[in-house]
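Student: I should like to take a close look at a single part of this structure, namely the surface that the protein presents to the DNA. Please describe that part in detail and then place it in its wider setting.

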There are 2 protein chains.
Amino acid sequence: MATIRDVAKLAGVSVATVSRVLNQNGYVNEETEKRVRKAIEKLNYKPNEVARTLFKKTSKTIGLIVPDISNPFFPELVRAIEDVMNIYDYTVILCNSDEKSEKEKQYMDVLKQKYVDGMILTTNQLAIEEVMELDIPIVVLDRPSDHSFPSVIADNYHGARLATRHLYGIGCRKIAHIQGPAHVVNAMQRFYGYRDEMKSLGLWEEALIIQGNYQLRQAKEAVLQALQTNQVDGIFAGNDAMAVGALKAVQQLGLRVPEDVAIIGYDGIPLTEMTTPELSTISQPIYEMGAIAARLLVKKIEGQFIEQLHYVLPVTLIERESTNRRGKS
Amino acid sequence: MATIRDVAKLAGVSVATVSRVLNQNGYVNEETEKRVRKAIEKLNYKPNEVARTLFKKTSKTIGLIVPDISNPFFPELVRAIEDVMNIYDYTVILCNSDEKSEKEKQYMDVLKQKYVDGMILTTNQLAIEEVMELDIPIVVLDRPSDHSFPSVIADNYHGARLATRHLYGIGCRKIAHIQGPAHVVNAMQRFYGYRDEMKSLGLWEEALIIQGNYQLRQAKEAVLQALQTNQVDGIFAGNDAMAVGALKAVQQLGLRVPEDVAIIGYDGIPLTEMTTPELSTISQPIYEMGAIAARLLVKKIEGQFIEQLHYVLPVTLIERESTNRRGKS
DNA sequence: ATATTATATGTAACCGGTTACATAAAACAG
DNA sequence: CTGTTTTATGTAACCGGTTACATATAATAT
């Protein structure tokens, strides 16, 4: 690999001049620049980013910590982030934390040591003090903003009310909710939205809460169980995977969806279109969330002014067959 | 951020001694080491990885180029790679190429400039000469090994024969194949497997080939089209997404799956369990493929001997409802 | 004609580590 | 008791860029 000194020698100039040509700053004579460029070409010279990073303390790299990329909510989010960062010439280091704070801490330390210019965190275990003392630009994604970091999240509470109200609107009166893990803030928000809507409809009943863990299989079992003892005509699942689980359970019991039991999920991941019947869901603007978070981070890194620190994006109800009781639409 | 010189000063030794403590090499007196460690602790010193990289020319980082992380085949693969690399203390830079060679080339150049220790490539547009001249450890994943790089792939040809034979085994005689894009080598291998099996069964007919592009929607349309003109009692889809498309098409036409038309997919991604009926599929050992590729890369990077250069992993038939004609199993 | 400013280029320190080499004391051998 | 080896530590060059500063010539102003 050629270095800047090789280029300088071949062009008959000093390294400073080559550097000036590369960075297009300072004074360089036109003729000289041509010679330098020719030398660069000839040697197929590419500046060493590491040396640059060491001196400039900026690596054009960011860290992205997600719980688990194989959870179908995240690929699109990650894709959005990578797309935007790529436009601004940043590369993305991907880390899976499994929601474990030690793993997260470890990753954050390593990322800091590698001089990443910033991080996007998608996590529940956020230890704010630890993150603060990293003293690195941070954006928090898909998590609430009870802190001073810029954040992007969808409106979980409102989405849950929307879903519940929709089931009510199609005639459901015994609406169960499959709740996500209690340690996941978003899952709790969705639960609160469901609870408040149910209360305001006068339909609230503790017994209608089904405990889920965001996984299909467990949700299916829990729903099978719940349907033994409870009369239910609508199910609002805390995420799409659990909605599929509910669907399978209901079908297994020989009940019809949506006639006997209507089902709505949450997230709007692609698989909701793949089931039969297709699942209604509350769709989060996943790509947009990622893209906004990435742009926020770039602004933070480059020291630009940030007009809006916290984004709460609207969600939309997607009506599909699993809640369509008026026949084919 | 504290530097090694701060530590040296506080401990009253030279930077060389601190470095020796950090890297556990050379001679260091026990007492001295204690003092140094205390100073490190006190200053919360973390060595600067970038400086280290510059000198040692190894960054403990690898590049991973995939076509598109939001394609459901890749998240699990990426997860496996990240898991294994994490064990060996490497971080992973994720790049989406969209199968475009310019984008790939760009990424590879940037990665090289950032001194990544190696790359895992998952791509069809592989320009071998360009990759060769990077002169960096490479592992090729999910792509055939018509080259000198270590590679990991599943047995597409055999899997396709297996799928076809399975449909035959449950009584299908008019077996259609939804083919993936012609420029995707794996899709062609699957097609060849289908063709050869059909020929050896004496069932081969050009007309049974349906052109797909790996997407659900297009496959659905193509199948709707095909079923107008052709008698078909079995469909082997080139991937799982297209199998879902086929399922939707068949159901829309009022035909029963598997009784009228049996369907089998390819890949074994999670969504095959989420449809109704659940889809039979040829399952690739996705996680294992990623893990093996990662371990191969580590060996290559660390200059260890590689016993086996090319891995062709076996696939397995997963029988589910979409090809089960003997009733509930 | 001289002072001032713009243009052009080079030298060397610096970023924060690693390590070859030099030096010296301690331990051991003959 | 001297020579060799082992242990312990420091100095400074090096990795490959960037940039502050010095220097010099050309252009412009006074």
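Tutor: A polar contact is here a pair of N or O atoms within 3.5 Å. The model is predicted, and every distance below is computed from it. By that cut-off, a polar backbone atom of B:A51 makes such a contact with a base nitrogen of DNA strand C, at 3.4 Å. On the same strand, a base oxygen of DNA strand C lies 2.5 Å from a polar side-chain atom of A:R20. The backbone of the DNA is also reached: an N or O atom in the side chain of A:Y27 is 2.7 Å from a phosphate oxygen of DNA strand C. Two or more residues each are given to the surface near DNA strand C by helix 2 and helix 4 of chain A, and by helix 1 (4-11), helix 2 and helix 4 of chain B.

In total, 29 residues surround DNA strand C, and the nearest are A:S14, A:R20, A:T32, B:R5 and B:R52. Of the atoms of DNA strand C that come within 4 Å of the protein, 58% belong to sugar and phosphate. The residues of this surface divide by class into 14 nonpolar, nine polar and six charged.

DNA strand D may be described in a corresponding way. It is surrounded by 29 residues, with A:R5, A:R52, B:R20, B:Y27 and B:T32 the closest. A polar backbone atom of A:I4 is 2.6 Å from a phosphate oxygen of DNA strand D, and a polar backbone atom of B:S14 is 2.7 Å from a phosphate oxygen of that strand. The side chain of A:Y45 places an N or O atom 2.9 Å from a sugar or linking oxygen of DNA strand D. The elements that contribute two or more residues to the surface near DNA strand D are helix 1 (4-11), helix 2 (15-23) and helix 4 (49-56) of chain A, with helix 2 (15-23) and helix 4 (49-56) of chain B. Sugar or phosphate makes up 60% of the atoms of DNA strand D within 4 Å of the protein, and bases make up the rest. By class, this surface has 14 nonpolar, nine polar and six charged residues.

As for the wider setting, the unreviewed UniProt entry annotates residues 2-56 of chain A as "domain: HTH lacI-type". Over that stretch, chain A is 71% helix and 0% strand, with its end C-alpha atoms 21 Å apart. The domain assignment divides chain A into domain 1 (4-47), domain 2 (61-154 + 286-314) and domain 3 (156-284 + 317-323). The contact between domain 2 and domain 3 of chain A takes 11 residues from domain 2 and eight residues from domain 3. These two domains bury about 940 Å² between them, 51% of it on carbon and sulfur atoms. A:N124, A:A154 and A:I286 supply 41% of the area that domain 2 of chain A buries against domain 3, more than any other three residues.

Both chains contribute to the DNA surfaces, and they also meet each other. Chain A and chain B each give 49 residues to their contact, and they bury about 4,300 Å² between them, with 56% of it on carbon and sulfur atoms. A:R79, A:Q113 and A:M274 supply 17% of the area that chain A buries against chain B, more than any other three residues.

How values were computed:
Residues are numbered from 1 along each chain as its sequence is written. Chains are lettered from A and ligands numbered from 1 in the order in which they are written. This is a predicted model: local features need pLDDT of at least 70, side-chain atom pairs count only at pLDDT 80 or more; totals for chains, interfaces and linings use all residues. Side-chain values use heavy atoms; hydrogens and water are left out. UniProt positions are given in the numbering used here, feature names are shortened, and annotations may be inferred rather than shown by experiment. Helices (H or I, at least four residues) and strands (E, at least two) are DSSP runs, numbered from the N terminus. A residue is near a molecule or strand if one of its heavy atoms lies within 4 Å of it. A polar contact is a pair of N or O atoms within 3.5 Å; within protein, one must be able to donate a hydrogen and the other to accept it, and residues adjacent in sequence count only if both atoms are side-chain atoms. Ala, Val, Leu, Ile, Met, Phe, Trp, Tyr, Cys and Pro count as nonpolar, Asp, Glu, Lys and Arg as charged, and the others, Gly among them, as polar. Domain bounds come from an automatic or database domain assignment. Contact means heavy atoms within 4.5 Å. Buried area is the accessible area (1.4 Å probe) that two parts lose on being put together, summed over both.
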